[in-house]
Structures are given as C-alpha cells and as structure tokens.
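These are my notebook entries on a single protein model. I set out to look up its charged pairs, its enclosed spaces and its surface.

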Amino acid sequence: MFASLRVRNYRLFFTGQVISNIGTWMQRIAQDWLVFTLSGNNPIALGIAVALQFAPTLFLSLWAGVLADRVDKRRLLTWIQVAACSQAVVLGVLDITGLVALWQVYVLCFTLGITASLEVPTRQSFVAEMVGRDQIANAVALNSSIFNMARIVGPAIAGFAITWIGTGWLFIANAVSTVAVITGLVLMNPDKLFRVAAVPREKGQLAEGLRYVRRRSDLMTVMVLVLFVSTFGITYFSSLPIVAANVFHTAADGYGLLSTLVAVGTFTGAIMSARRGTKGRPRVRLMLVSAFFLGVFELITAFMPTYLTFGLGLIPLGFATMTFLNTANALVQTSVSPEMRGRVMGLYVLVLIGGNPIGGPMVGWMAQAFGGRSPFYIGGAVSALAAVVCAVVLIRRGGVSWPVQRGFGLRVLKRAKV
C-alpha cells in the first residue's frame with residue numbers, strides 16, 4: 001500500500017502535502033463560511049465565490065500543461081506555492097483586522113484560482129517524475145489518501161476553531177502549512193527524479209496535445225465522464241454549507257461535521273485505491289461502476305430526513321467519489337506518453353475543475369429555487385446517467401462487455417479501446 005514511500009523524493013513531497021493539505025482544508029471551510037456570513041447566508045454568493053476560484057482553470061490549465069512539459073516542474077511548483085502562501089496571508093490579515101469585505105474575498109478567490117490552475121497540472125504530472133511509471137497508480141492513490149485524511153482533520157479543526165477564534169487565523173495557519181511543501185521541494189535530489197527531456201518551445205504544442213487525446217477513445221471516455229460528474233455530481237462539496245445552515249439549521253461546527261463525514265468515505269476510498277495501485281493498471285470498468293454508484297448514493301443521500309442520516313449517507317458517497325476520481329486519474333497518467341503527460345493532465349484538470357464556474361452558481365441557483373437538497377438529487381441523477389451512457393457507448397464500440405454470469409461488472413475486451 002505504501003510502496004511509493006520507498007522513494008526519498010516522494011517521501012519529502014508526501015510529508016509536505018500531509019501538513020499543507022490540512023491547512024488547505026481549514027482555509028476552504030473558513031473561506032466558505034466567511035463568504036456565507038458576509039453575504040447574509042446567501043447561497044448565490046457562495047456559488048459566485050466557487051466560480052471565481054475555479055474560473056481561471058478554464059483559461060489557464062491547458063497552457064499550464066504546456067508549460068509543465070517545457071520547464072523544470074519542481075522549480076515551477078516551488079514558486080506556485082510561494083504565491084499561494086502570499087494569498088492566504090493577505091486574506092488572513094484582512095479578516096483579523098476587520099477590514100475584510102465580500103468583494104475582497106472574491107478577488108482573492110480569483111487569485112487563488114490562478115495559482116491552482118497552474119499548480120494542479122504541474123503537480124499531477126510531477127508525480128511520475130518522482131516515482132517512475134511503475135508506481136504512478138500507487139502514488140496517485142497515496143496523494144488522494146493524504147488529501148482526504150486532511151479533509152477529515154481540516155474541517156473538524158476548522159468547524160470548531162471558527163467558533164473560538166474566527167476565520168482569520170485559519171488563513172494564517174494555512175500560509176504557515178504551505179512552507180512544509182516548499183521545504184520538501186527544496187530538499188529533493190534532482191538527480192533522483194525520473195525526468196524526461198523537456199519539450200522544446202514550438203508552435204502548435206497545445207493543439208498537438210488535444211489531437212493526441214482526440215485520437216484515443218479511452219482517454220476521450222475518461223474526459224467526457226469526468227466533465228459531467230465533476231460539473232454536476234461532485235459539486236455537492238459546495239452544497240454542504242447550504243444544507244448545514246438552510247436545511248438543518250446548524251452552525252459552523254455542523255458544517256464541519258458534514259465535511260468530516262464526507263472525508264471518512266473519501267479517505268477510505270483513497271486507501272483502497274492505494275492497495276489496488278500495487279496490483280496493476282487501473283480498469284475502465286471500475287471507473288464506470290464507481291461513477292454510477294456515486295450518482296446513486298448522492299440521490300439516496302438527498303432524501304435522508306434527518307441531519308444524522310444525511311451525514312451517514314455522505315460516507316458511501318465519499319467512498320464512491322474517491323474511487324472514481326482516483327481511477328480516472330490513474331487511467332490517464334498510466335496510459336499517456338511521457339512527453340505528452342503535462343498537456344494531457346492540463347486537459348484532465350480542465351474537465352475536472354473547469355466545470356466549477358458553471359457548477360458553483362448553478363448549485364446556488366438550484367438551492368435557492370428548489371431547496372437546499374436539490375443540488376444533491378439533480379447532480380446524482382446526471383452522474384448516474386452519464387456513467388450509463390459512457391458504458392453503452394463503449395459496449396457498442398466493442399471496447400467492453402457486461403458479463404451477466406459474473407454480476408455487475410465491465411470486462412475489458414480490447415485494451416487499445418479501453
């Protein structure tokens with residue numbers, strides 16, 4: 001399960017991420033609650049903040065992938081982390097001094113989105129350089145496990161800390177935690193990285209990456225499914241403060257508990273993915289089945305009558321979510337040419353995160369128009385339907401089959417097509 005940690009460079013990265021991700025989730029909870037408070041519990045305001053934070057991905061993630069193929073990824077990541085640290089300090093100081101206004105949070109959400117749009121494709125493609133091709137699936141799953149461990153710890157701390165010390169100091173704590181990632185990157189041994197030759201600067205490299213994906217039916221299936229599930233299904237993360245405050249009428253600690261229950265499921269899903277990551281290449285059938293059950297569990301959770309049953313329903317939903325995301329990520333990373341990895345991951349990040357500028361305001365509008373539960377049952381229905389449609393398309397193309405005698409599972413028929 002922890003095979004990738006034998007690599008020293010990855011251990012340094014892993015350690016820094018453990019610390020930094022806790023800080024990141026503390027900031028995310030604090031930021032959402034600050035927006036919700038400043039706007040008078042307005043769901044649309046929260047949706048706008050989400051949209052601003054993810055809008056830069058629409059314009060920059062593809063170019064970030066091109067940049068990641070051209071330059072030293074470790075050095076680029078270091079400077080990106082410095083920028084993220086500065087953003088957290090500014091927001092923290094404004095909040096602590098009482099000068100913070102909603103428009104300032106919006107501006108800082110947008111600047112954070114710029115750094116994230118550059119960081120995510122670079123970090124995703126840098127994983128292969130730290131551990132090598134054979135350990136990619138395991139390392140991706142371990143990254144998810146620490147991300148979701150932080151999702152358990154961070155919201156739990158933030159939910160209670162907000163009531164004691166306010167949101168401002170949580171932004172400062174996140175800035176301090178970012179130093180751990182910078183330190184790990186600086187201490188790495190560049191000679192031990194599994195680097196590929198940098199791609200020389202030429203015209204048409206972005207279009208070349210898009211054509212590469214278009215020719216690959218397996219990659220196209222992943223991209224299309226991730227786009228629909230992330231835009232409509234996984235937006236439930238942004239719906240949690242709305243449900244906590246407007247449906248179950250709880251305070252910040254109630255929101256933090258719901259986020260923690262989601263994280264219990266996602267952390268468990270990430271650990272199981274890490275175990276599978278040592279047993280060979282990920283399978284398309286697992287991606288499709290997990291996307292379908294993500295939608296089913298989201299639909300069921302939407303109609304849970306009490307705060308307790310709703311929270312418990314978030315656990316299997318989180319498990320299915322992380323199984324889907326880890327499998328999709330590993331499928332992409334293990335099946336692309338090394339010289340194309342940055343550009344393909346840039347496109348993957350675009351379809352994964354780029355729908356949030358649409359999904360964020362959409363969640364706020366649906367919650368206001370149809371009630372706080374509506375993003376759950378609408379998103380669940382779209383996710384399940386998208387998984388079924390993608391499975392049917394692959395079956396008709398001869399890429400997968402549904403063996404009745406073996407139960408509900410997809411079997412790979414032709415590797416080139418799946």
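**Entry 1: salt bridges**

I began with the salt bridges, of which the structure holds 3. I keep in mind throughout that this is a predicted model.

I looked up E129 and found that it forms a salt bridge with K73, with 2.9 Å between the closest N and O atoms. This pair links distant parts of the chain, since E129 belongs to helix α4 (residues 102–131) and K73 to helix α3 (residues 73–96), 56 residues apart. I noted that E129 and K73 are both buried.

Next I turned to R123, which forms a salt bridge with E119; the closest N and O atoms are 2.6 Å apart. How far apart are R123 and E119 in helix α4? They are 4 residues apart, so about one helical turn separates them. I recorded E119 as buried because its relative accessibility is 10%, which is under the 20% limit.

The last pair I looked up is R343 with E208, where the closest N and O atoms of the salt bridge are 3.3 Å apart. This pair, too, links distant parts of the chain: R343 lies in helix α13 (residues 341–353) and E208 in helix α7 (residues 205–214), 135 residues apart. Are R343 and E208 buried or partly exposed? R343 has 6% relative accessibility and therefore counts as buried, whereas E208, at 34%, counts as partly exposed.

**Entry 2: cavities**

I then searched for enclosed spaces and found 3 cavities of 30 Å³ or more. The largest cavity contains about 1400 Å³ of space. It is lined by 50 residues, and those closest to its centre are R28, V120, R123, F147 and I353. I recognised R123 from the salt bridge with E119. Helix α1 (residues 8–38) gives the most to this lining, with 10 residues. I sorted the lining of the largest cavity into 22 nonpolar, 23 polar and 5 charged residues.

The second largest cavity has a volume of about 40 Å³. Its lining consists of W25, R28, I29, F237, L240, Y255 and S259. The elements that give two or more residues to it are α1, α9 (236–247) and α10 (252–276). Here again α1 gives the most, with 3 residues. By type, I listed 5 nonpolar, 1 polar and 1 charged residue in this second lining.

**Entry 3: surface**

Finally, I looked up a nonpolar surface patch of about 600 Å², made by I96, F160, W164, I165 and W169. Helix α5 (residues 136–165) supplies the largest share of the patch, 3 residues. F160 lies in this helix, and I entered F160 as partly exposed because its relative accessibility is 43%.

Key:
Residues numbered from 1 in each chain as written. Predicted model: local features only at pLDDT ≥ 70, side-chain atom pairs only at ≥ 80, totals over all residues. Heavy atoms only, no water. 1 Å grid on protein atoms, 1.4 Å probe; cavity = no way out; pocket = protein on both sides within 12 Å on 5 of 7 lines; lining within 4 Å. Points joined across faces, edges and corners; volume = space filled by probe spheres on them. Nonpolar A, V, L, I, M, F, W, Y, C, P; charged D, E, K, R; others polar. Patch = residues over 30% accessible without salt bridge, like charges linked within 9 Å, V, L, I, M, F, W, Y side chains within 5 Å. Areas by Shrake-Rupley, 256 points an atom, 1.4 Å probe, with all protein chains shown as cover. Salt bridge = Lys/Arg side-chain N within 4 Å of Asp/Glu carboxyl O. Buried < 20%, exposed > 50% of the residue type's maximum accessible area, 1.4 Å probe, protein only.
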